[in-house]
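This briefing sets out the main features of the structure shown below. It begins with one residue and proceeds to helix packing, disulfides and overall make-up.

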Amino acid sequence: MPRETGEHKTHFPNKEARYDCWDARDKFWACLDAGGTEDSCKELRNKYTELCPSTWVKHFDRKRHYLVFKEQMKQGYEPLESKEDKSNG
């Protein structure tokens with residue numbers, strides 16, 4: 001099966017490559033957590049996608065979206081039923 005463009009040539013990155021990938025991911029996420037936007041953190045995003053296999057990037061991106069969603073739910077989830085009850089009451 002052919003690899004996607006930009007993906008590492010080895011089947012599984014060695015220990016050093018994994019740490020480089022995780023470090024780049026963590027720096028990109030820290031930039032976003034500090035209030036940065038995709039645009040302002042673009043350089044870190046490019047480094048992250050360069051050092052990590054594309055399948056890992058997809059996985060980490062989905063994981064981040066889930067973690068952000070989960071945190072938002074903790075901050076103030078309001079079930080739909082309560083909204084309807086308030087409008088009917």
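In this predicted model, W56 belongs to helix α3. The residue is buried, its relative accessible area of 18% falling under the 20% cut-off. The points below start from the surroundings of W56 and then turn to the helix pair, the cysteines and the chain as a whole.

**Surroundings of W56**

- Apart from neighbours within four places in sequence, W56 makes contact with F12, P13, R18, C21, W22 and Y48.
- One of these partners, W22, stands 34 residues from W56 in sequence, while their C-alpha atoms are 9.9 Å apart in space.
- Another partner, C21, is a disulfide-bonded cysteine and lies in helix α1.
- Y48, also in contact with W56, is a residue of α2 that takes part in the meeting of α2 with α3.

**Packing of α2 against α3**

- In general, a pair of packed helices is described by the distance between the axes and by the angle between them.
- For helix α2 (residues 42-51) and helix α3 (residues 54-76), the axes come within 8 Å and cross at roughly 130 degrees.
- This crossing angle makes α2 oblique to α3.
- On the α2 side the contact involves R45, Y48 and T49, and on the α3 side W56, V57, F60 and D61.
- By class, the residues of this contact comprise four nonpolar, one polar and two charged.

**Disulfide between C21 and C52**

- The sulfur atoms of C21 and C52 are 1.9 Å apart, and the two cysteines form a disulfide.
- The torsion about their S-S bond is about 110 degrees, so this disulfide is right-handed.
- Because C21 lies in helix α1 (residues 15-33) and C52 in the loop between α2 and α3, the pair ties together parts that are 31 residues apart in sequence.
- Both cysteines, C21 and C52, are buried.

**Disulfide between C31 and C41**

- C31 is joined to C41 by a disulfide with an S to S distance of 1.9 Å.
- The link of C31 and C41 is left-handed, with -85 degrees about the S-S bond.
- C31 is placed in helix α1 and C41 in the loop between α1 and α2, so this pair connects parts that are 10 residues apart in sequence.
- C31 and C41 are each buried.

**Disulfide count and pairing**

- How many disulfides does the count come to? The count comes to two disulfides.
- With the bonded cysteines of the protein numbered in sequence order, the pairing reads 1-4, 2-3.

**A17 in helix α1**

- A17 is part of helix α1.
- With a relative accessible area of 19%, A17 is buried.
- A17 and P53 are separated by 36 residues in sequence and by 9.9 Å in space, C-alpha to C-alpha.

**Overall make-up**

- The secondary structure of the protein consists of four helices and zero strands.
- Read from the N terminus, the order of elements is α-α-α-α.
- Of the 89 residues in the protein, 22% are buried.
- Among contacts with a separation of 6 or more, 53% are between residues 24 or more positions apart.
- The accessible surface of the protein amounts to about 7,200 Å², and carbon and sulfur atoms account for 53% of that surface.

Conventions. Residues are numbered from 1 along each chain as its sequence is written. This is a predicted model: local features need pLDDT of at least 70, side-chain atom pairs count only at pLDDT 80 or more; totals for chains, interfaces and linings use all residues. Side-chain values use heavy atoms; hydrogens and water are left out. Axes are lines fitted to C-alpha atoms, for helices over the stretch in contact, and angles run from 0 to 180 degrees between N-to-C directions. Helices (H or I, at least four residues) and strands (E, at least two) are DSSP runs, numbered from the N terminus. Angles under 35 degrees count as roughly parallel, over 145 as roughly antiparallel, 65 to 115 as roughly perpendicular and the rest as oblique. Contact means heavy atoms within 4.5 Å. Ala, Val, Leu, Ile, Met, Phe, Trp, Tyr, Cys and Pro count as nonpolar, Asp, Glu, Lys and Arg as charged, and the others, Gly among them, as polar. A disulfide is a pair of cysteine sulfur atoms within 2.5 Å. Buried means under 20% relative accessible area, exposed over 50%, partly exposed in between (1.4 Å probe, protein chains only). Accessible areas come from the Shrake-Rupley method with a 1.4 Å probe; for residues, only the protein chains shown count as cover.
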